[in-house]
Amino acid sequence: MRVKKGSTDYLPFLTTEYYLQTALQADDAGCRAILKQIIPDIREFDTAECELKDPLGEEKFSPFPRFVHRYEDRALILVTDRCAMYCRHCFRRSFSGGINGPLSDAELTPMAGYLAEHREINEVLLTGGDPLTLSNERLFKIIARIKSVRPELVVRVCSRMPVVNPDRISRALADGLGSYEGIWFVTHFNHAAELTEYSRAAVRRLLAAGIPVLNQSVLLKGVNDDLSSLKELFQKLLRFGVKPYYLFQGDLARGTSHLRVPLRRALELTSKLKYEISGMAMPRFAVDLPGGGGKITLPSQSHPVDDEGEFYIIKGLDNEEYRYPAN
Ligand SMILES: *Cc1c(COP(=O)(O)O)cnc(C)c1O
Ligand code: SF4
């Protein structure tokens with residue numbers, strides 16, 4: 001993905017009082033799981049051999065800054081680089097917490113033009129950064145602009161606010177979003193301890209406004225990389241009315257190797273999990289192949305390892321073979 005100005009791989013430290021309180025009120029395992037996402041680690045300065053600045057290879061799918069058209073029927077807009085907290089595992093760390101700030105009208109105009117022209121696009125993802133660091137007014141204006149050129153477009157709002165600042169999901173926000181057709185909300189819970197009564201109330205406000213809520217989790221070492229944590233997380237999400245949509249293998253973003261679960265182990269975990277929870281509770285397990293192979297749901301076929309047993313060989317969306325570290 002292209003960014004307008006300079007960018008850095010070093011993610012700032014920022015969290016919310018609410019999220020910190022949630023950690024302190026959780027049991028030991030829950031507390032550890034949350035603090036690992038909050039507190040910077042000196043190992044973030046280490047770059048493993050396989051780690052990349054643009055781990056998804058998005059640059060070549062970015063017709064202009066902050067706009068990614070990687071998959072035929074979906075486009076992604078980075079509406080801001082600000083978040084309420086910076087997650088230590090963030091794979092968009094070369095953009096998030098940077099110096100670009102919110103999207104301007106001047107940047108939005110060519111995007112609206114592109115959407116009007118590219119009729120194959122059916123869904124627009126608003127992401128970043130966290131779109132809900134924008135004011136309601138600004139967010140609604142962006143959605144209105146998109147809807148004015150293509151009223152039928154589905155808009156996905158991707159935000160971690162239900163996890164880190166659930167009060168941000170006010171009635172006014174939920175009702176405002178709900179006044180548009182085809183709005184979906186995707187959030188990012190990684191551990192059952194994050195699913196508090198406040199989060200439940202936030203989710204309820206969205207559901208009451210007619211907005212379906214999905215969740216994407218990231219598999220993280222020391223946070224949720226065991227069968228019982230994942231099972232509890234996905235079952236509790238279901239109880240809250242949230243559909244677990246994706247569980248992601250940690251991307252090969254710089255400075256995140258201490259949080260990454262080896263793919264070999266991730267595949268073992270997820271194949272066991274499948275037999276322990278319902279189809280509704282089970283998310284798709286996916287990996288974004290480095291170098292632009294795309295987002296692949298695993299296991300998609302059998303994945304042979306190379307001669308040394310160090311890499312899985314996985315077919316990308318372009319049918320090319322990509323290597324992903326196994327251990
Ligand atoms: C993940 C992603 C999407 C959305 O893909 P889904 O599989 O529909 O969730 C769209 N664009 C980009 C660039 C993505 O990385
Ligand atoms: S809220 Fe999302 S974009 Fe922001 S730091 Fe966390 S994972 Fe990254």
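In which helix does E137 lie? Our first close-up takes up that question; like every view here, it comes from a predicted model.

**View 1. E137 on helix α4.** Welcome to helix α4, residues 136-149, where E137 lies. With a relative accessibility of 66%, E137 counts as exposed because that value is over the 50% cut-off. If you look for V305 from here, be ready to travel: the C-alpha atoms of E137 and V305 are separated by 51 Å, and the two residues are 168 apart along the chain.

**View 2. R150, in the loop after helix α4.** R150 is placed in the loop between α4 and β4, the strand of residues 154-158. Is R150 buried or exposed? Its relative accessible area is 2%, so R150 is buried. Beyond residues up to four places away in sequence, R150 touches L115, A116, H118, R119 and I121. I121 also offers its backbone oxygen, which lies 2.7 Å from a polar atom of the R150 side chain. I169, by contrast, is 19 residues from R150 in sequence, with 26 Å between the two C-alpha atoms.

**View 3. The shell around ligand 1.** Here you can find E58, V68, R70, Y71, R74, L76, L125, R156, Y245, Y246 and K295 around ligand 1. By class, six of the shell residues are nonpolar and five are charged, with no polar ones. Three strands, β1 (67-71), β2 (74-78) and β7 (243-248), supply at least two shell residues each. Which strand gives the most to this shell? That is β1, with three residues.

**View 4. Polar atoms beside ligand 1.** Staying with ligand 1, this view picks out three side chains. Y246 places a polar side-chain atom 2.6 Å from an oxygen atom of ligand 1. For R156, a side-chain N or O atom is 2.7 Å from an oxygen of the ligand. K295 has a polar side-chain atom 3.4 Å from a ligand 1 oxygen. On its own, ligand 1 has 380 Å² of accessible area, and the protein covers 91% of it.

**View 5. The shell around ligand 2.** Now meet the surroundings of ligand 2: C83, M85, Y86, C87, C90, S96, G129, R160 and H188. How many of these shell residues are nonpolar, polar and charged? The shell divides into five nonpolar, three polar and one charged. G129 is worth a second look, since a cis peptide bond joins G128 and G129, with omega about 15°. G129 sits in the loop between β3 (123-127) and α4.

**View 6. S217 in strand β6.** S217 belongs to strand β6, which spans residues 213-218. Its relative accessibility is 0%, so S217 counts as buried. Which side chain makes a polar contact with the side chain of S217? The partner is N215, at 3.0 Å. A polar atom of the S217 side chain also lies 2.7 Å from the backbone oxygen of F189. Setting aside neighbours within four places in sequence, S217 is in contact with H188, F189, N190, L233, F234, Y246, L247 and F248.

**View 7. The nonpolar cores.** The largest nonpolar core has 77 residues. Which residues have the most contacts inside it? They are I77, L126, I146, L177, F234 and L263. Another core, of twelve residues, lies apart from it and includes F95, V186, Y245 and Y246. Back at I77, the contacts beyond four places in sequence are R66, F67, L103, M111, V124, L125, L126, T127 and I146.

**View 8. Backbone details at R66, N319 and P299.** Most residues other than glycine have a negative phi, and most peptide bonds are trans. R66, though not a glycine, has a positive phi of about 70°. R66 is in the loop between α2 (28-38) and β1, and at 0% relative accessibility it counts as buried. N319 likewise has a positive phi, near 70°, and is found in the loop between β10 and β11 (321-325). Is N319 buried or exposed? At 55% relative accessibility, N319 counts as exposed. Finally, the peptide bond from L298 to P299 is cis, with omega near -10°; P299 is found in the loop between β9 (294-297) and β10 (311-315).

Note on methods:
Residues are numbered from 1 along each chain as its sequence is written. Chains are lettered from A and ligands numbered from 1 in the order in which they are written. This is a predicted model: local features need pLDDT of at least 70, side-chain atom pairs count only at pLDDT 80 or more; totals for chains, interfaces and linings use all residues. Side-chain values use heavy atoms; hydrogens and water are left out. A residue is near a molecule or strand if one of its heavy atoms lies within 4 Å of it. A polar contact is a pair of N or O atoms within 3.5 Å; within protein, one must be able to donate a hydrogen and the other to accept it, and residues adjacent in sequence count only if both atoms are side-chain atoms. Accessible areas come from the Shrake-Rupley method with a 1.4 Å probe; for residues, only the protein chains shown count as cover. Helices (H or I, at least four residues) and strands (E, at least two) are DSSP runs, numbered from the N terminus. Ala, Val, Leu, Ile, Met, Phe, Trp, Tyr, Cys and Pro count as nonpolar, Asp, Glu, Lys and Arg as charged, and the others, Gly among them, as polar. Buried means under 20% relative accessible area, exposed over 50%, partly exposed in between (1.4 Å probe, protein chains only). Contact means heavy atoms within 4.5 Å. A nonpolar core is a set of buried Ala, Val, Leu, Ile, Met, Phe, Trp, Tyr and Cys residues joined through side-chain atoms within 4.5 Å.
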